[in-house]
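These are my notes from a session of looking things up in a two-part model, taken in the order in which I checked them.

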Amino acid sequence: MDFYQGNVLRIDMSTCTAKVEPLNMDWARLYVGGKGLMLRYLWDLTEAGMDPWSPENPLIVAPGPFAGTNVSTCSRVVLGGKSPANGTILDSYCGGSFGSILKFAGYDLLIVQGCAAELTAVFIKDDKVEFVPAAKYAGMLTAELEESLRADFDPHMTSLSIGPAGEHKLLWACVSNDQYHKAGRGGTGALMGSKNLKAIAVAGTGRVTVGDARAFLEDIERIDTDYILTDTNYWVHEEGTPVLVDVTDGAGCQPTRNYASGTFAGASHINSEAFKKIRVKKRACYQCTLGCRNFHRINDTEGEGPEYETIALCGSNVGVDDIDALMQFNHLCDEYGLDTISTGNVLGLAMDLTEKGIHDFGLHFGDLEAYLKIPEQLALRTGVGAELAMGSRALAAKYGHPELGMQVKGLEAPGYDPRGSFGMSIAYATSDRGACHMRSFPIGVEVVEGSMPADTLDESKAEFNVTFQNHYAFKFCGIWCDFWAIDYEQMGMLMKHLWKREVTEAEMTQIGERVWNLGRLFNLREGYTRADDVIPEVWLEKPFTDGASAGKVIGTARFNEVLDQYYALRGWDKDGVPTEAKLTELGIDVRL
Amino acid sequence: MPHVMISSKKCTGCHMCELGCSAWHEGGFQPSRARLFADVNPTTAVIKGHSCLQTGCAKCQEACPNDAIVTRQITVTPAGTFAGKEKVGESVTGVVLVVDEEKCTNCGDCYDVCPYGVIHEHPERKVAYKCDLCDGDPQCIAFCQNQYVLAVDLKIDKADRALTVDA
């Protein structure tokens with residue numbers, strides 16, 4: 001079979017056994033791979049209302065069909081399940097090399113269920129699967145762990161692993177691949193930790209076929225030249241995501257001191273220019289020509305990143321403009337296995353509660369000494385970390401100020417305040433995993449391009465979000481990276497190799513819409529309703545007093561009106577439930 | 001004589017060279033069978049390139065008891081660009097070391113002496129296999145980040161010009 005290996009590796013941690021099942025090719029046709037295929041398997045493997053901490057909650061690892069070829073950016077994998085952080089779909093991506101190597105080992109999908117009696121590592125080399133007691137790896141930080149796994153298992157292995165944060169089941173513990181690649185959001189690391197699974201290491205020597213390989217190479221060479229190595233995409237190599245600091249700060253939507261402002265006085269100390277001065281090298285993910293990974297060195301700290309989200313949430317949002325401290329903090333989060341978006345939110349909230357005199361956590365905006373202790377404290381749940389580990393929603397509620405916790409559906413918000421980019425309000429409210437900028441990104445047109453106004457919210461924004469979400473839902477089946485601004489025409493060129501026929505934009509859009517609706521059904525099945533499609537009130541009603549977006553108010557009534565329009569455009573009823581007609585049209589074979 | 005080299009300094013560790021190489025030669029993407037490789041430590045981000053220097057090294061040829069490593073004339077015209085293009089033009093003509101599969105007995109002497117670990121037993125054909133510069137269109141160069149990075153580049157070794165061509 002071309003592109004697919006036809007195999008699903010099922011791992012049962014409770015019995016420490018593994019078996020191979022054939023890939024469901026009907027689903028592969030309907031959902032392609034990545035996000036779509038993960039969701040279809042997730043639906044099938046879970047009962048409504050399943051406790052996300054139960055052994056039955058599957059950890060599904062799904063690359064796309066192009067992983068293990070030389071289609072740029074497609075080494076990505078999605079880690080799925082039911083989120084232990086908030087009970088929505090867990091749908092978290094990382095680059096690196098795991099997707100490609102898993103394919104070389106012979107698998108399209110990895111499904112892990114059950115819970116081991118003791119901390120365990122799984123070694124997969126082609127058709128051999130070994131379960132290894134992992135007591136010696138307990139508490140190990142990412143770099144040391146990966147070096148140990150290479151020494152103990154295979155020098156050419158790659159791995160998905162958790163740090164101490166995952167072992168302690170922190171709600172926003174992430175999973176690491178190749179040290180710097182994190183499936184960050186939604187508690188992937190907590191899910192692995194709940195299975196007593198420290199690491200999955202994989203080495204593969206097999207082959208991914210594509211049909212006529214030389215014809216394929218010729219076409220990919222053309223696509224690389226014409227559509228990847230272009231100015232549209234190459235900013236990620238030349239600049240990388242720190243370039244967004246000046247963009248969001250200029251537009252008044254950079255989270256600053258727990259979202260009290262959209263502009264940060266210290267922005268110029270942590271922007272792209274500042275990072276370029278300490279840049280030491282560039283690296284790429286497996287099978288990627290773009291090479292967006294920036295390594296920096298300052299004093300004793302060298303490593304990749306930080307990326308924009310970390311700069312925004314663990315920099316401006318906590319009042320830190322010290323580039324050295326920010327580098328150290330980012331490094332500690334990588335080592336302990338923490339999602340930096342949630343970390344920066346929770347920390348900003350605790351600083352806000354302290355400075356407002358609500359509760360003294362001993363944390364203050366810009367206080368570097370306490371700041372640098374936080375990653376370890378959160379991961380190990382020691383000191384102030386024990387309480388902060390409950391997350392923004394619970395922490396803000398506990399101290400009687402739910403309005404200060406910047407989250408949607410329990411997932412802490414990324415680095416784009418909707419007050420400077422109104423379309424983001426609908427993007428966050430309707431995202432399938434809570435506050436997320438990777439499902440729809442109106443800020444791209446509202447601020448970066450300026451082709452839509454940033455300070456209006458109307459039906460055109462509802463429509464933009466629907467279109468973008470469908471596009472990305474399909475793109476994440478591929479799985480193409482966010483950093484390749486790939487359109488349907490280009491995806492069609494690659495889909496033509498996969499399906500051996502012309503694939504239309506309408507077909508691809510429909511797959512995206514199918515995937516989006518299946519995710520919606522899952523969240524509805526797990527108890528989410530329209531009442532949860534809301535965003536923090538301050539974003540809707542409380543204008544900033546400084547920065548480019550000062551005085552701008554979205555308004556709750558306007559937001560609700562556009563949410564209605566969004567549902568209508570989606571073919572959902574007024575409660576946000578997909579209609580029978582819509583599900584039939586999309587060929588979705590499951591029902592609530 | 002023309003050969004490819006991976007610059008450890010410029011390489012970003014994307015492995016595209018191995019992917020292009022294996023697909024061109026093996027009919028599918030299989031980096032374990034690539035004829036060159038970048039040894040990347042993802043944790044430290046340290047990279048070491050391994051590729052055949054052809055006649056500039058020739059240890060395999062010297063070690064072969066059956067004269068199965070032979071020189072073949074080749075004109076290399078890399079896709080995109082390469083560092084010496086302005087000096088030497090679009091193409092470079094020279095010789096490349098290839099395995100004469102009729103003569104190769106898979107004795108393994110060459111595997112042991114190769115300083116770069118880029119000549120191996122082919123798992124199915126049971127003979128040695130190595131870099132042959134893809135009949136003049138090296139896929140490693142074609143799929144490197146090319147004009148931006150030039151990590152995998154075509155090199156020409158002056159010292160080898162005296163060598164004769166047998167095939």
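In which sense do strand 9 and strand 12 of chain A pair, and over how many bridges? I looked this up first, keeping in mind that the model is predicted. Strand 9 (residues 158-161) and strand 12 (residues 197-203) of chain A run antiparallel to each other, and their pairing extends over four bridges. For a single pair to check by eye I took Thr158(A), whose bridge partner in strand 12 of chain A is Val202(A).

**Entry: the sheet around that pair.** I then followed the neighbours outward and found an open sheet of six strands in chain A, in the order 8-7-12-9-10-11 and with mixed pairing. The edges are held by strand 8 (128-133) and strand 11 (181-183) of chain A, and because each has a single partner strand, one side of each is left without a neighbour in the sheet. From one strand to the next I note an average twist of 20 degrees.

Two helices caught my attention here. Helix 4 of chain A lies across strand 9, strand 10 and strand 12 of chain A, and its direction makes an angle of about 135 degrees with strand 9 of chain A. Helix 3 of chain A lies across strand 7 (120-125), strand 9, strand 10 (175-177) and strand 12 of chain A, at about 60 degrees to strand 12 of chain A.

**Entry: the other sheet that helix 3 meets.** I turned helix 3 (residues 98-105) of chain A around and saw that it also lies across strand 3 (59-63), strand 4 (77-82) and strand 6 of chain A, running at about 90 degrees to strand 3 of chain A. These strands led me to an open sheet of six strands in chain A, ordered 2-1-6-3-4-5, in which the pairing is mixed. Strand 2 (17-22) and strand 5 (89-94) of chain A are its edge strands, each pairing on one side only, and the twist from one strand to the next averages 20 degrees. Within this sheet I checked strand 1 (residues 7-12) against strand 6 (residues 109-113) of chain A, which pair in the parallel sense over five bridges; Leu9(A) has Leu110(A) of strand 6 of chain A as its bridge partner.

**Entry: domains.** The domain assignment divides chain A into domain 1 (7-203), domain 2 (240-405) and domain 3 (417-592). I looked at the second and third of these together: the C-alpha centres of domain 2 and domain 3 of chain A are 26 Å apart, and their contact draws 13 residues from domain 2 and 18 residues from domain 3 of chain A. On the side of domain 2 of chain A that touches domain 3 of chain A, I have seven nonpolar, five polar and one charged residues.

**Entry: helix 9 of chain A.** Which residues of this helix are buried? In helix 9 (residues 244-251) of chain A they are Leu244(A), Val245(A), Thr248(A), Asp249(A) and Ala251(A). Among the elements that cover them are helix 10 (272-277), helix 11 (308-314) and helix 19 (443-448) of chain A. After helix 9 of chain A comes Gly252(A), with a positive phi near 70 degrees.

**Entry: a helix crossing.** The axes of helix 2 (residues 34-45) and helix 22 (residues 505-525) of chain A come within 10 Å and cross at roughly 35 degrees, and the crossing is left-handed. Helix 2 of chain A contributes Lys35(A), Gly36(A), Leu39(A), Arg40(A), Leu42(A) and Trp43(A), while helix 22 of chain A contributes Ile511(A), Val515(A), Leu518(A), Gly519(A) and Phe522(A). By class, I record seven nonpolar, two polar and two charged residues for this contact.

**Entry: where the chains meet.** I found 31 residues of chain A in contact with 24 residues of chain B. On the chain A side, helix 4 (142-152), helix 7 (213-228) and strand 13 (279-283) each supply at least two residues, and helix 7 of chain A gives the most, with four residues. The residues on this side of chain A divide into 11 nonpolar, 11 polar and nine charged.

**Entry: one residue of chain B.** Lastly I picked Val4(B), which is in strand 1 (residues 2-6) of chain B. Why does Val4(B) count as buried? Val4(B) does so because it has 28 C-beta neighbours inside 10 Å, where 20 or more are required. Leaving aside residues up to four places away in sequence, Val4(B) touches Leu36(B), Ser51(B), Pro138(B), Cys140(B), Ile141(B), Val152(B), Asp153(B) and Leu154(B).

Key:
Residues are numbered from 1 along each chain as its sequence is written. Chains are lettered from A and ligands numbered from 1 in the order in which they are written. This is a predicted model: local features need pLDDT of at least 70, side-chain atom pairs count only at pLDDT 80 or more; totals for chains, interfaces and linings use all residues. Two residues are in contact if their C-beta atoms, placed from the backbone, lie within 7 Å. Ala, Val, Leu, Ile, Met, Phe, Trp, Tyr, Cys and Pro count as nonpolar, Asp, Glu, Lys and Arg as charged, and the others, Gly among them, as polar. Axes are lines fitted to C-alpha atoms, for helices over the stretch in contact, and angles run from 0 to 180 degrees between N-to-C directions. A crossing is left-handed if the near helix is turned anticlockwise from the far one by less than a right angle, and right-handed if clockwise. A residue is buried if 20 or more other C-beta atoms lie within 10 Å of its own, exposed if 12 or fewer, and partly exposed in between; C-beta atoms are placed from the backbone. Two strands pair if DSSP finds at least two bridges between them. Domain bounds come from an automatic or database domain assignment.
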